[in-house]
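Here is a short round of questions and answers. Look over the model, then read on.

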Amino acid sequence: GRYAYPYGPSPTDESLKLRAKYAAEYKATGKWKPPEQCSELIKDPSIERFGWIRENPDIYFKWKPRSVRNGLIFMVAIPGALLYFLKKMEQRRDVQQGKPPRPLI
């Protein structure tokens, strides 16, 4: 496949590489690095996986009934309902002010 791990580099392998690197540094110097020097290097595998999936949605996206339903709800139903109710409020206000109601669209 295109990637060795289904969601980017294997977080377990990356963590083991970092542990081995820090262990080798400890053997060479006899000192552990303070945590503030290691914090940007140690990565949480679940956050890395989430970030990789967010950056590559095209690989796993499929048109399924759920994605079609969500698309219709968020791109058609909600904006359409907002338009309808706001225009109805505007028409009611026009009638209260004695003006002819404006068309819906």
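Q: What is the mean pLDDT of the protein?
A: This is a predicted model, where local features need pLDDT of at least 70, side-chain atom pairs count only at pLDDT 80 or more, and totals for chains, interfaces and linings use all residues. Residues are numbered from 1 along each chain as its sequence is written, and side-chain values use heavy atoms, with hydrogens and water left out. pLDDT is the predictor's confidence in each residue, from 0 to 100. In the protein, 88% of residues reach 70 or more, and the mean pLDDT is 84.

Q: Which element has the highest mean pLDDT?
A: Helices (H or I, at least four residues) and strands (E, at least two) are DSSP runs, numbered from the N terminus. Helix H2, residues 35-38, has the lowest mean at 71. The highest, 95, belongs to residues 65-96, helix H5.

Q: How many salt bridges are there?
A: The rule asks for a side-chain nitrogen of Lys or Arg within 4 Å of a carboxyl oxygen of Asp or Glu. Lys87 and Glu90 satisfy it, with their closest N and O atoms 3.3 Å apart. The count comes to three.

Q: How far apart along helix H5 are Lys87 and Glu90?
A: Both residues sit in helix H5. They are three residues apart, so the separation is about one helical turn.

Q: Which residue of the segment after H5 pairs with Glu90?
A: Glu90 also takes part in a salt bridge with an N to O distance of 3.5 Å. This pair links distant parts of the chain, 12 residues apart. Glu90 lies in helix H5, and its partner in the segment after H5 is Arg102.

Q: Is Asp94 buried or exposed?
A: Asp94 forms a salt bridge with Arg102, the closest N and O atoms being 2.9 Å apart. Buried means under 20% relative accessible area, exposed over 50%, partly exposed in between (1.4 Å probe, protein chains only). Arg102 has 42% and is partly exposed. Asp94 has 2%, so the residue is buried.

Q: Which residues do the shared salt bridges join into one network?
A: Asp94 bridges to Arg102. Salt bridges with shared partners make one network of Lys87, Glu90, Asp94 and Arg102.

Q: How many aromatic pairs does the search find?
A: Rings of Phe, Tyr and Trp (its six-membered ring) pair if their centres lie within 6.5 Å. Planes under 30 degrees apart count as stacked, over 60 as edge-to-face and the rest as tilted. Searching the whole structure gives three.

Q: Which class, stacked or edge-to-face, fits Tyr26 and Trp32?
A: Their ring centres are 4.3 Å apart. The planes meet at 10°, so the pair is stacked.

Q: Is Trp32 buried or exposed?
A: Its partner Tyr26, at 34%, is partly exposed. Trp32 has a relative accessible area of 58%, so Trp32 is exposed.

Q: Which class, stacked or edge-to-face, fits Phe61 and Trp63?
A: Phe61 is partly exposed at 46%, and Trp63 is exposed at 68%. The ring centres of Phe61 and Trp63 are 5.2 Å apart. Their planes stand at 85°, so the pair is edge-to-face.
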